[in-house]
Amino acid sequence: MPSSDMVPYVMPGSAVLPPDRTGWAIDPGRAALVVLNVQNHFLHVLRESSAPVGELPSGVGLLTESARAAGIPVLYTLKTAEREPDGRETGFGHPRLPGGEDSRDVVDAIRPEVGDSVLVAKRFSAFAGTRLRRRLAELGRDQPVIVGVFARTQVLLTAADAWMQDMEPFVVADAVADRAPDDHRMAVDWIAATCGAVRTVRRGGRVRRTRSRHRGESGPPTPLM
């Protein structure tokens, strides 16, 4: 087990993000914040490695607050303690979720609120075996803004799945985490090169104003939204 005084790796800042290939801008009328598996047990697993667990909830918290204030839907996907009969996830090194209620709970600081949607995650992609696609369609949203854990599996494959369903996925590089910095960096670089836009919490890029379609108009540089 790593030493208790292990120094966490540094979250990526805007200066080190890979080049943007999309030209996309987050539109509050199209965006939905998708929060993946920010549950106590998974953050405990990250805490035992070099992940910056202290920064993750604060970044996700800023985004959930700003999303709700802007009228942007917030959706959570959560794992259950059901045993994988085929070992598909644990076979690739993904931690199993214990049966205790506290392990399954979302971290206190970023728990779902009234009006948020909560879906049960089935596979690495949040779209696989869930109502996520249908729920986004019901809400009229096609820009999932993805945060949470783990970067190299759930975050990466959810972004790829969204792109293959003709959506515009955004991933917030400093509001996702993994057990190793190389895994975090690989996920961010792959998404930016292949299927999505990568942003940071405080540098969300160009944000179109709600209900406005004026050419060249953009919103203020608030946290992401």
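In which loop is Phe150 found? In this predicted model, Phe150 is found in the loop between E4 and H5, and several of the features described below meet at this residue. The protein chain holds six helices and six strands, which run from the N terminus in the order β-α-α-β-α-β-α-β-α-β-α-β. Buried residues make up 52% of the 225 residues in the chain, and among the contacts with a separation of 6 or more, 82% are accounted for by residues 24 or more positions apart.

**Phe150 and its surroundings**

- The peptide bond that leads from Val149 to Phe150 is cis, with omega near -5 degrees, and the setting for this value is that most peptide bonds are trans.
- The structure holds two aromatic pairs. In one of them, the rings of Phe42 and Phe150 have centres 5.7 Å apart and planes at 75 degrees, so this pair is edge-to-face, the angle being over 60 degrees.
- Because Phe42 lies in helix H1 while Phe150 belongs to the loop between E4 and helix H5 (151-164), the pair ties together parts of the chain that are 108 residues apart in sequence.
- Both Phe42 and Phe150 are buried.
- Phe150 also has a charged partner, since the charged end of Arg179 sits over the Phe150 ring at 5.6 Å from its centre.

**Nonpolar cores**

- The largest nonpolar core has 34 residues, of which Leu33, Val35 and Val147 touch the most other members. Two or more residues of this core come from each of strand E1 (31-36), helix H1 (40-47), helix H2 (55-69), strand E2 (74-78), strand E4 (143-149) and strand E5 (170-177).
- A second core, separate from this one, has 27 residues, including Ala32, Val34, Leu136 and Ala151.
- Leu75, in strand E2, counts as buried at 1% relative accessibility, because the cut-off for a buried residue is under 20%.
- The C-alpha atoms of Leu75 and Val35 are 6.1 Å apart in space, although the two residues are separated by 40 residues in sequence.
- Once neighbours within four places in sequence are left aside, the residues in contact with Leu75 are Ala32, Leu33, Val34, Val35, Ser117, Leu132, Arg135, Leu136 and Leu139.

**Packing of H5 and H6**

- The axes of H5 and helix H6 (residues 181-194) come within 9 Å and cross at roughly 10 degrees; the two helices are therefore roughly parallel to each other, as the angle is under 35 degrees.
- On the H5 side, the contact is made by Ala151, Arg152, Val155, Leu156, Ala159, Ala160 and Trp163, and on the H6 side by Asp183, His184, Met186, Ala187, Trp190, Ile191 and Thr194.
- Ala151 thus appears in two settings, as a member of the second core and as part of the H5 contact with H6.

**Residues with positive phi**

- Most residues other than glycine have a negative phi, and the two residues described here have positive values.
- Asn37, in the loop between E1 and H1, has a positive phi of about 55 degrees although it is not a glycine, and at 2% relative accessibility Asn37 counts as buried.
- Asp166, whose place is in the loop between H5 and E5, likewise has a positive phi, near 65 degrees, in a residue other than glycine. Asp166 is exposed, with a relative accessible area of 69%, because a value over 50% counts as exposed.

**Further positions outside helices and strands**

- Ile26 lies in the segment before E1 and is buried, with a relative accessible area of 1%. Ile26 and Pro144 are 118 residues apart in sequence, whereas their C-alpha atoms are 9.4 Å apart in space.
- Gly54 is found in the loop between H1 and H2 and is exposed, with a relative accessible area of 66%. From Gly54 to Leu43 the separation is eleven residues in sequence and 9.5 Å in space, taken C-alpha to C-alpha.

Technical notes. Residues are numbered from 1 along each chain as its sequence is written. This is a predicted model: local features need pLDDT of at least 70, side-chain atom pairs count only at pLDDT 80 or more; totals for chains, interfaces and linings use all residues. Side-chain values use heavy atoms; hydrogens and water are left out. A nonpolar core is a set of buried Ala, Val, Leu, Ile, Met, Phe, Trp, Tyr and Cys residues joined through side-chain atoms within 4.5 Å. Buried means under 20% relative accessible area, exposed over 50%, partly exposed in between (1.4 Å probe, protein chains only). Helices (H or I, at least four residues) and strands (E, at least two) are DSSP runs, numbered from the N terminus. Rings of Phe, Tyr and Trp (its six-membered ring) pair if their centres lie within 6.5 Å; planes under 30 degrees apart count as stacked, over 60 as edge-to-face and the rest as tilted. A charge sits over a ring if NZ of Lys or CZ of Arg is within 6 Å of the ring centre and within 35 degrees of the ring normal. Axes are lines fitted to C-alpha atoms, for helices over the stretch in contact, and angles run from 0 to 180 degrees between N-to-C directions. Angles under 35 degrees count as roughly parallel, over 145 as roughly antiparallel, 65 to 115 as roughly perpendicular and the rest as oblique. Contact means heavy atoms within 4.5 Å.
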